[in-house]
Every structure is written in structure tokens, then in C-alpha cells.
Amino acid sequence: MTISPPNVVPGSFLTLHYRLAGPDGDDLVNTFTDKPATLSIGSGELSPAIEARLIGLSEGTRTTLQLAPGEAFGPRNPEMVQRVAMTLLRELGDMDETWRVGDVVQFPTPDGSGSFAGTVREVDDAGQWAEFDFNHPLAGQPVTFEVQLIGVL
């Protein structure tokens with residue numbers, strides 16, 4: 001009697017190697033060069049679109065998934081680009097901090113229980129405001145997700 005390897009289902013606990021690459025092919029995350037990751041399907045550790053692509057795969061599978069622009073991290077939302085007054089930035093952080101284009105800044109959630117990040121896109125020459133992009137860096141971008149399923153529980 002042959003026993004088939006387990007398949008990924010919602011709630012599965014996985015041990016896996018994975019590599020996430022952006023549209024330029026550069027690795028954003030790559031566990032193949034280190035210890036494998038462990039995660040649970042449905043816990044939000046991976047985007048829902050990536051988790052959906054893992055459902056049904058068998059333990060031992062190694063595959064590369066191409067996700068269309070916006071599929072993995074949603075479309076870019078122009079309303080997520082906002083100017084923030086320097087007075088507010090100074091209240092939330094270091095009074096002497098300076099920000100440059102490309103910097104990633106952590107902001108507290110309104111209830112103070114967590115944080116979210118924004119990337120500086122522009123800083124006002126007069127020092128009155130900075131423009132932040134609160135979209136996920138890969139929003140609206142195609143991504144490559146390579147995975148090797150080591151264990152499925």
C-alpha cells in the first residue's frame with residue numbers, strides 16, 4: 001500500500017523554503033540559503049493570493065509561481081500616498097530626525113496596538129511636510145514565488 005504525501009489545506013502547518021522576487025528578479029526574501037521557514041496557512045504570514053496557490057500542493061513539491069501585477073499584494077492605491085505634516089512627524093518620533101526619499105518610517109496605529117510603514121517619496125524644501133506612500137512596496141507589481149514544501153502537517 002502506497003501512502004501519498006500530505007497536501008496543503010487551509011490550516012496546514014508548513015515547513016518550507018521559499019524565495020520571493022519582485023519584478024526585477026531580485027530576491028526580497030530567500031530562505032533557501034538559510035534555515036527553512038515554518039508557518040500556518042491562514043495566519044496571514046503570506047499574502048492570501050500566495051496561500052491560495054499553495055493549497056493542494058503535496059509535501060515535497062518544489063515549484064515556481066508567477067503572480068500577475070497586483071495579484072500578490074493588491075493594486076496600487078493612489079489614496080495611500082499622503083502628505084504628513086512635519087509637526088506630526090516630530091510629535092510621533094525624534095524631534096531632530098531628518099527624512100530622505102526612500103526612507104521607510106514606522107507609524108503607530110490609531111489605537112496604539114501596532115504599527116504600519118510608509119516610504120518617503122518627497123520632502124518639502126521648506127520643511128513643512130513629507131509625502132509618504134503607504135502602499136505595500138510590491139502593490140501593483142508582478143512577483144515570483146518559488147517554494148519547496150519540506151513538511152505539511
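**Briefing: cores, H17 and aromatic contacts**

A polar atom of the H17 side chain lies 2.7 Å from the backbone oxygen of T31, within the limits of a polar contact (a pair of N or O atoms within 3.5 Å; within protein, one must be able to donate a hydrogen and the other to accept it, and residues adjacent in sequence count only if both atoms are side-chain atoms). The model is predicted, with local features requiring pLDDT of at least 70 and side-chain atom pairs counted only at pLDDT 80 or more, while totals for chains, interfaces and linings use all residues. Residues are numbered from 1 along each chain as its sequence is written, and side-chain values use heavy atoms, leaving out hydrogens and water.

**Confidence**
- The mean pLDDT (the predictor's confidence in each residue, from 0 to 100) is 93 for the protein, and 100% of the residues score at least 70.
- Among the elements (DSSP runs numbered from the N terminus: helices H or I of at least four residues, strands E of at least two), β4 has the highest mean pLDDT, 98, and helix α2 (residues 86–92) the lowest, 86.

**Surroundings of H17**
- H17 belongs to strand β1.
- H17 counts as buried because its relative accessibility is 12%, the classes being buried under 20% relative accessible area, exposed over 50% and partly exposed in between (1.4 Å probe, protein chains only).
- Beyond its neighbours within four places in sequence, H17 is in contact (heavy atoms within 4.5 Å) with T31, F32, D34, K35, P36, E146, V147, Q148 and I150.

**Nonpolar cores**
- The largest nonpolar core (buried Ala, Val, Leu, Ile, Met, Phe, Trp, Tyr and Cys residues joined through side-chain atoms within 4.5 Å) has 22 residues, and L14, L16, L54, L67 and F145 have the most contacts inside it.
- Two or more residues of this core come from each of β1 (13–21), β3 (37–40), α1 (48–54), β4 (62–67) and β9 (143–152); β9 gives the largest share, 5 residues.
- L54 touches V8, L14, I41, L46, F145 and V147, residues up to four places away in sequence not being counted.
- Another core, apart from this one, has 10 residues, among them V84, L89, V120 and F134.

**Aromatic rings**
- There are 6 aromatic pairs, under a rule that pairs rings of Phe, Tyr and Trp (its six-membered ring) with centres within 6.5 Å and calls planes under 30 degrees apart stacked, over 60 edge-to-face and the rest tilted.
- F132 and F134 form a stacked pair, at 5.9 Å centre to centre with 25° between the planes; both residues are buried.
- F107, F116, F132 and F134 are linked into a cluster by ring pairs.
- R83 lies over the face of W129 at 3.7 Å from the ring centre, the criterion being NZ of Lys or CZ of Arg within 6 Å of the ring centre and within 35 degrees of the ring normal.
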